[in-house]
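Q: Could you take a close look at one part of this protein for me, and show me how that part fits into the whole chain? I'm new to this, so please explain the terms as you go.

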Amino acid sequence: MPINVNNPEADALTRKFAALAGVGITEAIVIAMKEAIARQQTAPTPLETAARLREKHRIILDPRARKPLPGAVFDALWSDDKAQAD
């Protein structure tokens, strides 16, 4: 099935990548999409990133930090009463 891209930036980037890789435009798209999918599949999750940063900076979470806040806290943040008081 053909792909029709009507975006000048996408066209320019594809052509630039094709020239750098020494391949045609179709092959450049295939390579780029395979690489993008591989990066997505191997990217750390937000929880993994947070754990890595805590370890790097030697941050130890208090057990209370792992307990979710009650819904009332979030309700208070979005309350219209607060906006009216300002």
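A: Let's start with charge: the protein chain has 12 positive and 11 negative charges, and their mean positions lie 10 Å apart. Here Lys and Arg count as positive and Asp and Glu as negative, while His and the chain ends are left out; each charge is placed at NZ of Lys, CZ of Arg, CG of Asp or CD of Glu.

Bear in mind that this is a predicted model, where local features need pLDDT of at least 70 and side-chain atom pairs need 80 or more, while totals for chains, interfaces and linings use all residues. Residues are numbered from 1 along each chain as its sequence is written, and side-chain values use heavy atoms, without hydrogens or water.

Now the close-up: tryptophan 78 sits in the loop between α4 (71-77) and α5 (80-85). Helices are DSSP runs (H or I) of at least four residues, strands (E) of at least two, numbered from the N terminus. Tryptophan 78 counts as exposed because its relative accessibility is 73%; exposed means over 50%, buried under 20%, and partly exposed in between, with a 1.4 Å probe and protein chains only.

Trp78 also joins Leu69, Val73, Phe74 and Leu77 in a nonpolar surface patch of about 580 Å². Patch residues have over 30% relative accessible area and no salt bridge, with nonpolar side chains (Val, Leu, Ile, Met, Phe, Trp, Tyr) joined within 5 Å and like charges within 9 Å. A salt bridge is a side-chain nitrogen of Lys or Arg within 4 Å of a carboxyl oxygen of Asp or Glu.

Zooming out, the protein chain has five helices and zero strands, and buried residues make up 2% of its 86 residues.

Key
Areas by Shrake-Rupley, 256 points an atom, 1.4 Å probe, with all protein chains shown as cover.
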